[in-house]
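Please open the model in a viewer and keep the sequence panel visible. The stops below are meant to be followed in order, with one selection made at each.

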Amino acid sequence: MAITDKIYVKNHQQLASQLETSFPKGAFKGATLDILFQGEGLAKLDDASRERVLDFAEDFMDCDCQAAPHCGCPERKFVAYLLELREQGLGPDAIVDVMSDDYMLYAYPGDVLSFLDDAVRTLEAVETLADVDGEREVAEEVQRRRNRLV
């Protein structure tokens, strides 16, 4: 299961009440993206909530894909965001706090830790494969990226 399947909308009940509709708690569920990011839905939100939703849309949903927002770009950008937070030295608890402050999203720190561990293990595998293939420059770059996450 992808980390984006474990990212939830904070204050879900409050937002559902403001929007006068129900939607899934999962931030990257299709119905959630549709409801939260339609123009009429945004107008019903209080100012603070609207600002966070707009920040999320600007940072993760800005793409030119025909299938947007269901194209996978928001999920890929969010994964990159999580990895950048880790590269800045933040641990799982701090990452959850930042995503909550920035976008009104939350996750369980254990899920974030598992995601980060999987990312490091994947990079280790890529480094090993690059070494086997004689791609030393690629292996070195992957090692540098992995070290920034550890």
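In which helix does S49 lie? Select residues 47-60: this is helix α4, and S49 lies within it. Note before going on that the model is a predicted one. S49 counts as buried, because its relative accessibility is 4%, below the 20% limit for that class. Display its surroundings next: leaving aside residues up to four places away in sequence, S49 touches L15, Q18 and M104.

Now move to the loop between α4 and α5 and select C65. With a relative accessible area of 34%, C65 is partly exposed. Its contacts, again not counting residues up to four places away in sequence, include C71 and C73.

The next stop is the largest nonpolar core, which has 31 residues. Select I7, F56, F78, Y81, L82, M99 and L105, the members that touch the most other members. Colouring by element is helpful here: α1 (12-19), α2 (30-36), α4, α5, α6 and α7 each give two or more residues to this core. Then centre the view on F78. Beyond residues up to four places away in sequence, F78 touches T4, I7, F28, F56, F60, M99 and L105. Another core, of 5 residues, lies apart from the largest one; to find it, select A119, L123, V142 and L149, which are among its members.

Select residues 109-132 to show helix α7. This helix has 24 residues, and the distance from its first C-alpha to its last is 35 Å, close to the 34 Å expected at 1.5 Å a residue. Which residues of α7 are buried? They are V112, F115, L116, A119, V120, L123, E127 and A130. Show α5 (73-87), α6 (92-103) and α8 (136-149) as well, since these are the helices against which the buried residues of α7 pack. Following α7 is G134, where phi is positive, near 80°.

Finally, keep only α6 and α7 in view. Their axes come within 8 Å and cross at roughly 115°. The two helices are therefore roughly perpendicular to each other, and α6 passes α7 in a right-handed crossing. To inspect the contact, show side chains for P92, D93, I95, V96 and M99 in α6, which meet P109, V112, L113 and L116 in α7. M99 links this stop to an earlier one, as it is also listed among the contacts of F78.

Conventions. Residues numbered from 1 in each chain as written. Predicted model: local features only at pLDDT ≥ 70, side-chain atom pairs only at ≥ 80, totals over all residues. Heavy atoms only, no water. Helix = DSSP H or I, 4+ residues; strand = E, 2+ residues; numbered from the N terminus. Buried < 20%, exposed > 50% of the residue type's maximum accessible area, 1.4 Å probe, protein only. Contact = heavy atoms within 4.5 Å. Expected span 1.5 Å × (residues − 1). Core = buried A, V, L, I, M, F, W, Y, C linked by side-chain atoms within 4.5 Å. Axes fitted to C-alpha atoms, helices over the stretch in contact; angles between N-to-C directions. Parallel < 35°, antiparallel > 145°, perpendicular 65-115°, else oblique. Left-handed = near helix turned anticlockwise from the far one by under 90°.
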